[in-house]
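Trainee: Got a minute to walk through this one with me? I'd like to go over the fold first and then the surface.

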Amino acid sequence: MSTTHHPEDRGAAFTGLIVGAVALIIIVLGIVKLTNAKFASHEKPVAEANK
């Protein structure tokens, strides 16, 4: 196994980091959107029941 680092490795590493971060953000936002859509039809508790 080679441990020699090449200058072009840095560009690929940053590209992978950025693409991975963007992919994670998209996945998390998708999950939040789907979860909010699922619970949007639930009724809110009535405030008068607490009196």
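**Fold and surface**

Mentor: Sure, and keep in mind that this is a predicted model. Of the protein's 51 residues, 0% count as buried.

Trainee: What does the secondary structure come to?

Mentor: There are zero strands to look for. What you do get is one helix.

Trainee: How far does helix 1 reach from its first C-alpha to its last?

Mentor: Helix 1 covers residues 7-39, which makes 33 residues. At 1.5 Å a residue you'd expect 48 Å, and the model comes close to that. The reach is 50 Å.

Trainee: Is I18 buried or exposed?

Mentor: I18 lies in helix 1, and that helix is hardly covered, with zero buried residues. The relative accessible area of I18 is 53%. Exposed means over 50%, so with its 53% I18 counts as exposed.

Trainee: Which residues make the nonpolar surface patch?

Mentor: The patch takes up about 520 Å², and I18 is one of its members. The full set is F14, L17, I18, V22 and I26.

Conventions: Residues are numbered from 1 along each chain as its sequence is written. This is a predicted model: local features need pLDDT of at least 70, side-chain atom pairs count only at pLDDT 80 or more; totals for chains, interfaces and linings use all residues. Side-chain values use heavy atoms; hydrogens and water are left out. Patches are made of residues with over 30% relative accessible area and no salt bridge: like charges are joined within 9 Å, nonpolar side chains (Val, Leu, Ile, Met, Phe, Trp, Tyr) within 5 Å. Accessible areas come from the Shrake-Rupley method with a 1.4 Å probe; for residues, only the protein chains shown count as cover. A salt bridge is a side-chain nitrogen of Lys or Arg within 4 Å of a carboxyl oxygen of Asp or Glu. Helices (H or I, at least four residues) and strands (E, at least two) are DSSP runs, numbered from the N terminus. Buried means under 20% relative accessible area, exposed over 50%, partly exposed in between (1.4 Å probe, protein chains only). The expected span of a helix is 1.5 Å times one less than its number of residues.
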